[in-house]
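Student: I should like a close look at one part of this model, chosen by you and followed outward into its surroundings. Please explain the reasoning wherever a residue is classed as buried or exposed.

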Amino acid sequence: MNRVFSGIQPTGNLHLGNYLGAIRQWVAMQADFECIYCIVDLHAITLQHDPKALAGATRDMAAAILAAGVDPAKTILFHQSAVTAHAELAWTLMSVARTGWLDRMIQFKEKRGKDSEGPSVGLYTYPVLQAADILAYRATHVPVGEDQKQHLELARDIAVKFNAAYGEVLTPPLPVIGREAARIMSLRDGTAKMSKSDPSAASRIDLTDDAATIAQKIKRAKTDAPPLPDTAAGFDGRPEARNLVGIYAALAETSVDAVLADWGGKGFGAFKPALADLTVTRLEPIVDAYVRLRADPGHLDTVLRDGAARAGAIALPLLREVYAAVGFLR
Ligand code: TRP
């Protein structure tokens, strides 16, 4: 049996970059797999966070995932802290994973910061919790960005070591790396990622922007003077051009080369209105649904709670098997 599991951090104030990243791939995978999607609030507290904003950010993310087309009637969508098996399995797996393995994690080194007391222990063990997320559901396929590949390999290593020590209980997962995981950059600076924390609202397209605002932000996006190149090699030194064509390709669900086959040699005066139209067409239904869903937190909470109940019904029996395998008294 094939089963997909993936997790996403509960960031609030969502934008085009969030949609074209994980969320859209999640929607697509529902056609071929049984899918379980988790908003990972336990992971979110491993770095400094605002407790007053976390629940709202969890709802924002749930609203965006549903607005994009995840169907809670067949797919399980829930928030991690609502299923206690994640933390319990993570604790158990912490005695399987080795510090030597965690010491090699690149993301930890990038995020550890410079606090004199060091980062939180949770940040260090973050990949073990991620492994527990996946292994709790016997997920076979895990869609993630390139940056998560190392964590997926760790999850495999943990599963293999657990099974060698305690018997075949866990299923080592396979990563599914996003086809052309679109890296969406700022509309004001093609070298910076599109980000909710950029002080300039013109740098990003928010999932709350109306059609006129979306079109205006695209038309005012920073560009350079030359026409579009004929091939992607021509983007060297032209990060803004690369970004706008990348957004076009992602929204049109085609390749950058295919976009350039049509648009190479043409100027931004023609390209930007086409990109604005395409962005509005693709995003408007999602924005409408997002705004509507976000206005009804009670409904979102019901969807998440129902998802948590269904998720728990899968994870708890697995946790019991794990507990029996390591020898805990029942
Ligand atoms: N660490 C992942 C990220 O930052 C999020 C995540 C948590 C995840 N648990 C997961 C992804 C399980 C896939 C599977 O993107």
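Tutor: V291 is partly exposed, because its relative accessible area of 41% falls between the limits of 20% and 50%. The model is a predicted one. V291 belongs to helix 12, which spans residues 268–294. V287 lies in helix 12 as well, but this residue counts as buried because its relative accessibility is 5%, under the 20% limit. The C-alpha distances of the two valines to other parts of the chain can be set out in turn. From V291 to E34, 257 residues away along the chain, the C-alpha separation is 27 Å. From V287 to A68, 219 residues away along the chain, the C-alpha atoms are 8.7 Å apart.

The part I propose to examine closely is the surroundings of the ligand. Its shell consists of F5, S6, G7, V40, H43, Y126, Q130, D133, I134, V142, V144 and Q148. By type, these residues divide into six nonpolar, five polar and one charged. Three elements each supply at least two of the shell residues: strand 1 (3–8), helix 7 (121–135) and strand 4 (141–144). Helix 7 contributes the most, with four residues.

Nitrogen atoms of the ligand lie opposite polar side-chain atoms of the protein. A polar side-chain atom of Y126 is 2.7 Å from a ligand nitrogen, and the side chain of D133 likewise places a polar atom 2.7 Å from a nitrogen atom of the ligand. For Q148, an N or O atom of the side chain is found 3.0 Å from a ligand nitrogen. Taken alone, the ligand would expose 360 Å², and the protein buries 89% of that area.

From the shell, one may follow F5 outward: ring pairs join F5 with F78 and Y137 in a cluster. Beyond helix 7, the loop that leads on to strand 4 contains R138 and T140. R138 has a phi near 50°, which is positive although the residue is not a glycine. As a point of reference, most residues other than glycine have a negative phi. R138 is partly exposed, since its relative accessible area is 29%. T140, by contrast, is buried because its relative accessible area of 14% lies under the 20% limit. The side chain of T140 makes a polar contact of 2.8 Å with the side chain of H141.

A positive phi is also found at E253, where the value is about 55° and the residue is again not a glycine. E253 sits in the loop between helix 10 (239–252) and helix 11 (256–263). E253 is exposed, because its relative accessible area of 53% is over the 50% limit. Elsewhere, the charged end of K266 sits over the ring of W263, 5.4 Å from the ring centre.

The aromatic residues complete the survey. A pair of rings is described by the distance of the centres and the angle of the planes. The structure holds nine aromatic pairs. One of them, formed by F162 and Y166, is tilted, with 4.9 Å from centre to centre and 55° between the planes. The two residues are four apart in helix 8 (residues 149–166), so about one helical turn separates them. F162 counts as buried because its relative accessibility is 0%, whereas Y166 is partly exposed, with a relative accessible area of 36%. Another pair, Y323 with F328, is edge-to-face: its centres are 4.9 Å apart and its planes meet at 85°. Y323 counts as partly exposed because its relative accessibility is 26%, and F328 is placed in the partly exposed class by its relative accessible area of 45%.

To return to the ligand, the points to inspect in the display are the side chains of Y126, D133 and Q148, each with a polar atom facing a ligand nitrogen at the distance given above.

Note on methods: Residues numbered from 1 in each chain as written. Predicted model: local features only at pLDDT ≥ 70, side-chain atom pairs only at ≥ 80, totals over all residues. Heavy atoms only, no water. Near = heavy atom within 4 Å. Polar contact = N/O pair within 3.5 Å; in protein donor to acceptor, adjacent residues only side chain to side chain. Areas by Shrake-Rupley, 256 points an atom, 1.4 Å probe, with all protein chains shown as cover. Nonpolar A, V, L, I, M, F, W, Y, C, P; charged D, E, K, R; others polar. Phe/Tyr/Trp six-rings, centres within 6.5 Å; stacked < 30°, edge-to-face > 60°. Buried < 20%, exposed > 50% of the residue type's maximum accessible area, 1.4 Å probe, protein only. Lys NZ or Arg CZ within 6 Å of the ring centre and 35° of its normal.
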